[in-house]
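Here are some notes on the pockets of this model, set out as numbered points for discussion at the bench.

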Amino acid sequence: MITGSTSGIGLGIAREFATAGYAVGFHGLEPDGVEISTAAGLEFGVPTFFSNRNLLSMESIEKLVRDTEMNLGPIDVLVNNAGIQHVANIEDFPVENWNNIISVDLTAAFHTTRLVLGGMKKRNWGRIINIASVHGLLASEFKSAYVSAKHGLVGLTKVTALEGASYGITANAICPGYVDTPLVRKQIADQARLHHMTQEEVIEKVMLIKQPIKKFVKPESIGALCIFLASDHAELVTGTAIAMDGGWNAQ
Ligand code: NAD
């Protein structure tokens, strides 16, 4: 089950798991979620299920996990990917946005983890992968809620790794820099208009100013790392926060 998998990075991850033959629990708020999930099932010949439960509500998260397990069987691999962002300085940061970001980017991952961990322990196998961010490792101004939530998610990952260690369960966080998603492409176009630059200049001089390798991460590259983390080769990789950030956090 991959939260937020009907868009952007989550969709890239879901497609990699489907390609590898996994049954995939799709989830997200996109109105065409059913179509995305059904099309992936047909394209890759794997069972899929789609849920649009809102991660802001605990009851809704419980239904998401229950419905996915009823339709696809026990969740062996959980990817907490759904996330939201808001950018403002701290004294002007809308309290509602703070609460929502902490709920979706951190608390929802606690609930999904809490709900699948018992079953994974009984089966003596499980993989939990949390999509954090380079902002789970370091800060940027104006992103107080996001940076706090993603640092929290890295902390939750470490505790999950310790508690799962005797049961064949691993937990890891992936910390990407900017990823090439439709959302980011739109930001580039907007910034190019604003700064009177070409899109290439915006990528190098504005968006990726802190990143030594001036390229966006590809969603499918994050998906490929997830496939490795889910594999038996990664049985001893646990409690880590793996950066895929073009060297951003090496500075
Ligand atoms: P996106 O906006 O394309 O996708 C987010 C997904 O989360 C969507 O499917 C959306 O429906 C779902 N979602 C959001 N709020 C929800 C809610 N209340 N209930 C249920 N579902 C909800 O974003 P993305 O760029 O693909 O980001 C995915 C993850 O990767 C996020 O956690 C984000 O913080 C992280 N990340 C993104 C980047 C980047 O550059 N795009 C970089 C580092 C980390």
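1. In sorting lining residues by class, Ala, Val, Leu, Ile, Met, Phe, Trp, Tyr, Cys and Pro count as nonpolar, Asp, Glu, Lys and Arg as charged, and the others, Gly among them, as polar. The model is predicted, so that local features need pLDDT of at least 70 and side-chain atom pairs count only at pLDDT 80 or more, while totals for chains, interfaces and linings use all residues. Residues are numbered from 1 along each chain as its sequence is written, and side-chain values use heavy atoms, with hydrogens and water left out.

2. A pocket is an open set of points on a 1 Å grid over the protein atoms alone, where a 1.4 Å probe fits, with protein on both sides within 12 Å along at least five of seven lines; lining residues have an atom within 4 Å of a point. A volume is the space filled by probe spheres set on the points, which are joined across faces, edges and corners.

3. The largest pocket holds about 1,400 Å³ of space, and of its 50 lining residues Gly83, Ile84, Gln85, Tyr146 and Leu183 are the closest to its centre. Its lining comprises 25 nonpolar, 18 polar and 7 charged residues.

4. Helix 6, a DSSP run (H or I, at least four residues) numbered from the N terminus, gives the most to the lining of the largest pocket, with 5 residues.

5. The second largest pocket has about 220 Å³ of space, and the closest to its centre among its 15 lining residues are Met1, Tyr22, Ala23, Asp76 and Val77. Its lining has 11 nonpolar, 3 polar and 1 charged residues.

Definitions and conventions: Helices (H or I, at least four residues) and strands (E, at least two) are DSSP runs, numbered from the N terminus.
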